[in-house]
Amino acid sequence: MGRKFFVGGNWKCNGTFDEVKKIVKILNEGQVPPQDVVEVVVSPPYVFLPVVKSSLRPDFHVAAQNCWVKKGGAFTGEVSAEMLVNLEVPWVILGHSERRLILGESNEFVADKVAYALAQGLKVIACVGETLEQRESGSTVEVVAAQTKAIAAKVSDWTNVVLAYEPVWAIGTGKVASPAQAQEVHFELRKWLQANVSPEVAATTRIIYGGSVNGANSKELAGQPDVDGFLVGGASLKPEFIDIIKSAEVKKCA
Ligand code: PEP
């Protein structure tokens, strides 16, 4: 069975209530391929999660942008996986490079979060990716393999994991990875899963690309055999997000 195309929109720390309502309207009115062709998940900031969840079309789902590493309690400012489950938020993004680099989340800490969130019944978009310095020194594959290895050490069931390859140098910079660059790393990640987890997990786990995806470049990226979708930041707040979702059609024709 093929891997269903996946498009995630990461709204990050953006938007007023009015702006959020506007983007939800655009999403709700957008003509996109059916759910058996593409899975769409948008990730508003925590404070907007309930309102987006209740006003969003039923074929699109929501994700939190983070959650606490273990059971909730005396952790001021954090939101627990249990709370997300309680609010019926099905997805969470973990290990985004902005959290790894700005907030100092290590590979092990991210892996603990992924394992805990999965154990609570959440589905996880787990992000990996190299910095420009790491790419230029030739260590891209080593870096993403180490990030994935930390997760694999703590996770045995990959059914509810989507792996997002997001080169740090491409996030929010307008510098998108070329289709060949994305395909190369996705291929290596799949090879890593095959050798270190299982051929089944390698064949079924969706590996999505993130980093300056937009309405103009998404089709060509989607045409790469190991690119199973996207995690989109800036363009997910614009009408062109609908065009990005439509790039799933490329797989149907492949
Ligand atoms: C992201 O935040 O995950 C991302 C990929 O951002 P952008 O699409 O803006 O590069």
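## Exercises on a predicted model

A search of this whole predicted structure finds five aromatic pairs.

**Exercise 1.** Classify the geometry of the pair formed by Phe-5 and Phe-230.

*Solution.*
- Start with the ring centres, which lie 5.6 Å apart. Pairing requires centres within 6.5 Å.
- Next, take the planes, which meet at 80°. Planes over 60 degrees apart count as edge-to-face.
- The Phe-5 and Phe-230 pair is therefore edge-to-face.
- Now place the partners. Phe-5 sits in strand 1 and Phe-230 in strand 8. With their positions 225 residues apart in sequence, the pair links distant parts of the chain.
- Finish with accessibility. Phe-5 has 3% relative accessibility and counts as buried. Phe-230 is buried too, at 0%.

**Exercise 2.** Do the same for Phe-17 and Phe-48, which form an aromatic pair.

*Solution.*
- The distance is 6.3 Å centre to centre.
- The angle between the planes is 5°. Planes under 30 degrees apart count as stacked, and this pair is stacked.
- Phe-17 belongs to helix 1, while Phe-48 lies in the loop between strand 2 (38-43) and helix 2 (49-55). The pair therefore ties together parts that are 31 residues apart in sequence.
- Phe-17 counts as partly exposed at 40% relative accessibility. Phe-48 is buried, with a relative accessible area of 12%.

**Exercise 3.** Which parts of the chain does the salt bridge between Asp-228 and Arg-3 tie together?

*Solution.*
- The whole structure holds 13 salt bridges.
- In this one, the side chains of Asp-228 and Arg-3 meet at 3.0 Å, N to O.
- Asp-228 is in the loop between helix 10 (218-222) and strand 8 (229-232). Arg-3 is in the segment before strand 1 (5-10). The pair therefore joins parts that are 225 residues apart in sequence.
- Burial under 20% is the cut-off. Asp-228, at 3% relative accessibility, counts as buried. Arg-3 has a relative accessible area of 27% and is partly exposed.

**Exercise 4.** Analyse the salt bridges Lys-21 to Asp-18 and Lys-25 to Glu-29, then name the network.

*Solution.*
- Lys-21 and Asp-18 meet at 3.8 Å, N to O. The cut-off is 4 Å.
- These two are three residues apart in helix 1 (residues 17-29), a separation of about one helical turn. Lys-21 is partly exposed, at 43%.
- For Lys-25 and Glu-29, the closest N and O atoms are 3.1 Å apart.
- Lys-25 and Glu-29 are four residues apart in helix 1, again about one helical turn. Glu-29 is exposed, with a relative accessible area of 52%.
- As for the network, salt bridges with shared partners join Arg-3, Arg-190, Asp-226 and Asp-228 into one.

**Exercise 5.** Describe the ligand's surroundings and how much of its area the protein buries.

*Solution.*
- Count the shell: 14 residues surround the ligand. The closest are Lys-12, Glu-166, Gly-172, Ser-212 and Gly-233.
- Sort the shell by type: four nonpolar, eight polar and two charged.
- List polar side-chain atoms facing ligand oxygen atoms. Asn-10 places one 3.3 Å from an oxygen atom of the ligand. For His-96, the distance to a ligand oxygen atom is 2.9 Å. For Glu-166, the distance is 2.7 Å.
- Now the area. Taken alone, the ligand exposes 290 Å². The protein buries 96% of that.

Note on methods
Residues are numbered from 1 along each chain as its sequence is written. This is a predicted model: local features need pLDDT of at least 70, side-chain atom pairs count only at pLDDT 80 or more; totals for chains, interfaces and linings use all residues. Side-chain values use heavy atoms; hydrogens and water are left out. A residue is near a molecule or strand if one of its heavy atoms lies within 4 Å of it. A polar contact is a pair of N or O atoms within 3.5 Å; within protein, one must be able to donate a hydrogen and the other to accept it, and residues adjacent in sequence count only if both atoms are side-chain atoms. Accessible areas come from the Shrake-Rupley method with a 1.4 Å probe; for residues, only the protein chains shown count as cover. Ala, Val, Leu, Ile, Met, Phe, Trp, Tyr, Cys and Pro count as nonpolar, Asp, Glu, Lys and Arg as charged, and the others, Gly among them, as polar. Buried means under 20% relative accessible area, exposed over 50%, partly exposed in between (1.4 Å probe, protein chains only). Rings of Phe, Tyr and Trp (its six-membered ring) pair if their centres lie within 6.5 Å; planes under 30 degrees apart count as stacked, over 60 as edge-to-face and the rest as tilted.
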